[in-house]
Amino acid sequence: MVRFPGMLAVHPSVPARSVAELIALAKAKPAALSYASAGVGNFSHLAMELFSQATGVKLLHVPYKGTGPASLALIGGEVQMGFNNVQLLLQPAQAGQLVGLAVAEPKRMPALPDLPAVAETVPGFEMAPWVGIVAPARTPKEIVERLAQETLAIMHDPQVVKQLTDQQVTPYPLGSDELGALMRNDLDKWAGVIKTAGIKGE
């Protein structure tokens, strides 16, 4: 149904104003830069692990209990950087409390054309939690198809699209087969990140 675009941001005290500068800074000071997450295994944690693995930098993970505390820790300077929903970090960035470096969508967001995509510096990088609808495996095919048809009709409604995009949420209407492929691809992608990082559930 939707994706929740993410933003990579730093505290204003960090001498980096682009993704490339952040990577250079992190490589110059291995494990010296800390980042906030909303908890072990949260999307904010996995996104930074993906970033770390894709760029070869070593960062210090500081888990908090939720996206709110994680963003407040970043604003307060308890950590130097973090990854969170655009809708959560955009206002602090606009107020000068944070420096938004990039979004983690495959390309720039139409509503934020001046904010680069991480992929412009780190090719192929993208990360966005998504919301979809699933049904039990034995649900009759005609019911699944009807649910998909009605849901997709709503998700293509111009008024619904506008309400979502106004809140920095990206409409992401996929059919049943496309959603199944997305789930399989994501399972493979994140299993690799988790294994490489040695993340264990808590």
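**Entry 1: Ala31**

I began with Ala31, which is partly exposed in this predicted model, with a relative accessible area of 42%. I found Ala31 in the loop between helix H1 and strand E3 (34-37), and I noted that its phi is near 65°, a positive value in a residue other than glycine.

**Entry 2: Gln168**

I then looked up Gln168, which has a positive phi of about 60° although it is not a glycine. Gln168 sits in the loop between helix H6 (158-166) and strand E8 (170-171). Is Gln168 buried or exposed? I entered it as buried, because its relative accessible area is 17% and the cut-off for buried is under 20%.

**Entry 3: Pro5**

Gln168 is also among the residues that Pro5 touches, which led me to the loop between strand E1 (2-3) and strand E2 (6-10), where Pro5 is found. The relative accessible area of Pro5 is 1%, and Pro5 is buried. Not counting residues up to four places away in sequence, I listed its contacts as Asn84, Asn85, Val86, Glu105, Met109, Ala128, Gln168, Val169 and Thr170. I also checked Pro5 against Pro106: the two are 101 residues apart in sequence, and their C-alpha atoms are 9.8 Å apart in space.

**Entry 4: Helix H7**

I turned next to helix H7 (residues 176-197) and compared its length with what its 22 residues should span. At 1.5 Å a residue the expected span is 32 Å, and the end C-alpha atoms are 31 Å apart, which agrees.

Which residues of H7 are buried? I wrote down Leu179, Gly180, Leu182, Asp186, Trp190 and Val193. Seen down the axis of H7, these buried residues fall within an arc of 160°, so they line one face of the helix. The face turned away from this buried side carries the exposed residues Asp177, Arg184, Asn185, Leu187, Asp188, Lys195 and Thr196. Among what covers the buried residues of H7, I noted helix H2 (43-55) and strand E7 (130-131). Just after H7 comes Gly198, with a positive phi of about 70°.

**Entry 5: The largest pocket**

I looked up the largest pocket, whose volume is about 550 Å³. It is lined by 28 residues, and the closest of these to its centre are Ile133, Val134, Val144, Ser176 and Leu179. I had already met Leu179 as one of the buried residues of H7. E7, helix H5 (141-155) and H7 each supply at least two residues of the lining, and the largest share, eight residues, comes from H7.

**Entry 6: Nonpolar cores**

My last search was for the nonpolar cores. In the largest one, which holds 32 residues, Leu22, Phe51, Leu59 and Met81 touch the most other members. The elements that give two or more residues to this core are E2, helix H1 (19-28), H2, strand E5 (81-85), strand E6 (99-103) and H7. Which element gives the most to this core? I found that H2 does, with six residues.

I followed Phe51 further and, leaving aside its neighbours within four places in sequence, found it in contact with Leu8, Val19, Leu22, Ile23, Val57, Leu59, Val118, Val122 and Phe125. A second, separate core has 17 residues, including Tyr64, Ala73, Val86 and Leu98. Val86 was familiar to me from Entry 3 as one of the residues that Pro5 touches.

Methods: Residues are numbered from 1 along each chain as its sequence is written. This is a predicted model: local features need pLDDT of at least 70, side-chain atom pairs count only at pLDDT 80 or more; totals for chains, interfaces and linings use all residues. Side-chain values use heavy atoms; hydrogens and water are left out. Helices (H or I, at least four residues) and strands (E, at least two) are DSSP runs, numbered from the N terminus. Buried means under 20% relative accessible area, exposed over 50%, partly exposed in between (1.4 Å probe, protein chains only). Contact means heavy atoms within 4.5 Å. The expected span of a helix is 1.5 Å times one less than its number of residues. The arc is that of the directions from the helix axis to the C-beta atoms. A nonpolar core is a set of buried Ala, Val, Leu, Ile, Met, Phe, Trp, Tyr and Cys residues joined through side-chain atoms within 4.5 Å. On a 1 Å grid over the protein atoms alone, a cavity is a set of points where a 1.4 Å probe fits but cannot get out, and a pocket is an open set with protein on both sides within 12 Å along at least five of seven lines; lining residues have an atom within 4 Å of a point. Grid points are joined across faces, edges and corners, and a volume is the space filled by probe spheres set on the points.
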